[in-house]
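Colleague: I am new to this structure and would like a close look at a single part of it, with enough of the surroundings to place that part. Could you take me through it slowly?

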Amino acid sequence: MESQPPAGDPKLRALNLRVQSAEESLLAAKLYCKVTHLETTAANLMLSSLKHQEQAELATERGQRFYDKMKEQDAAVAKDKSLQHTLAAEILRAREKAMKLSAEASAHEKKSGEAEESARSVLAESEGLRRERDKHLIEAKRLEAEAVRVESMF
């Protein structure tokens with residue numbers, strides 16, 4: 001049977017403080033992993049937001065071309081009513097395509113905004129975890145310093 005050191009043994013106290021310091025450091029390391037994961041998630045969300053923003057711009061640009069084409073054809077029909085039968089289907093198609101692309105652009109803009117909002121939320125959460133991690137690191141250093149102080153007594 002092992003003999004237990006006395007309760008006031010400074011070596012035991014120093015070892016216990018080092019164990020507590022190691023546990024705090026471990027908690028800090030786990031929190032660091034979570035923070036890193038959340039920051040990676042936020043970066044991916046921002047990338048997604050940028051992709052949706054780019055898609056919205058492309059759809060808007062294409063829709064504007066269809067709209068401009070429709071306006072040109074409307075102007076041609078207004079000048080010459082005989083073109084109405086030949087251009088009516090083309091004007092309708094261009095109008096529908098412009099409206100469809102406008103709706104598509106709006107959907108991409110909405111998704112972009114949602115992704116940005118999610119990224120901000122994730123970053124706020126990671127900032128809270130980062131502060132908690134810092135507290136654990138400070139406590140670990142305090143415990144380690146206390147262990148060194150206790151060891152210097154013997």
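The exchange below turns to the nonpolar core and its setting.

Colleague: Which residues make up the largest nonpolar core, and which helix gives the largest share of this core?

Modeller: Please keep in mind throughout that this is a predicted model. To set the scene, the secondary structure of the chain comes to two helices and zero strands, and the C-alpha atoms fill a box of roughly 110 × 30 × 15 Å when taken along the principal axes. The radius of gyration of the chain is 33 Å, whereas a compact globule of 154 residues would have one near 15 Å. Of those 154 residues, 25% count as buried, and the chain exposes about 10900 Å², of which carbon and sulfur atoms supply 57%.

Within this setting, the largest nonpolar core has ten residues in all, namely Ala59, Phe66, Met70, Val77, Leu87, Ile91, Ala94, Ala98, Leu101 and Ala105. Both α1, which covers 10–79, and α2, which covers 84–151, supply at least two residues of this core, and the largest share, six residues, comes from α2. Ala59 offers a good place to look in detail: setting aside residues up to four places away in sequence, Ala59 touches Leu101, Glu104 and Ala105. A second core, separate from that one, has seven residues, and Leu31, Leu38, Ala119 and Leu129 are among them.

Contacts that link distant parts of the sequence can be followed across the whole chain as well, for among contacts between residues at least 6 apart in sequence, 86% join residues at least 24 apart. Arg13, which has its place in helix α1, gives a further example, as Arg13 is in contact with Glu146 and Val150 once its neighbours within four places in sequence are left aside. With a relative accessible area of 43%, Arg13 is partly exposed, because that value lies between the 20% under which a residue is buried and the 50% over which a residue is exposed. Arg13 also helps to convey the extent of the model, since Arg13 and Ala78 are 65 residues apart in sequence and 95 Å apart in space, taken from C-alpha to C-alpha.

As a last point on the chain as a whole, there are 26 positive and 27 negative charges, and the mean positions of these two sets are 3 Å apart.

Methods
Residues are numbered from 1 along each chain as its sequence is written. This is a predicted model: local features need pLDDT of at least 70, side-chain atom pairs count only at pLDDT 80 or more; totals for chains, interfaces and linings use all residues. Side-chain values use heavy atoms; hydrogens and water are left out. A nonpolar core is a set of buried Ala, Val, Leu, Ile, Met, Phe, Trp, Tyr and Cys residues joined through side-chain atoms within 4.5 Å. Buried means under 20% relative accessible area, exposed over 50%, partly exposed in between (1.4 Å probe, protein chains only). Helices (H or I, at least four residues) and strands (E, at least two) are DSSP runs, numbered from the N terminus. Contact means heavy atoms within 4.5 Å. The radius of gyration is taken over C-alpha atoms; the globule rule is 2.2 Å times the number of residues to the power 0.38. Accessible areas come from the Shrake-Rupley method with a 1.4 Å probe; for residues, only the protein chains shown count as cover. Lys and Arg count as positive and Asp and Glu as negative; His and the chain ends are not counted. The place of a charge is taken as NZ of Lys, CZ of Arg, CG of Asp or CD of Glu.
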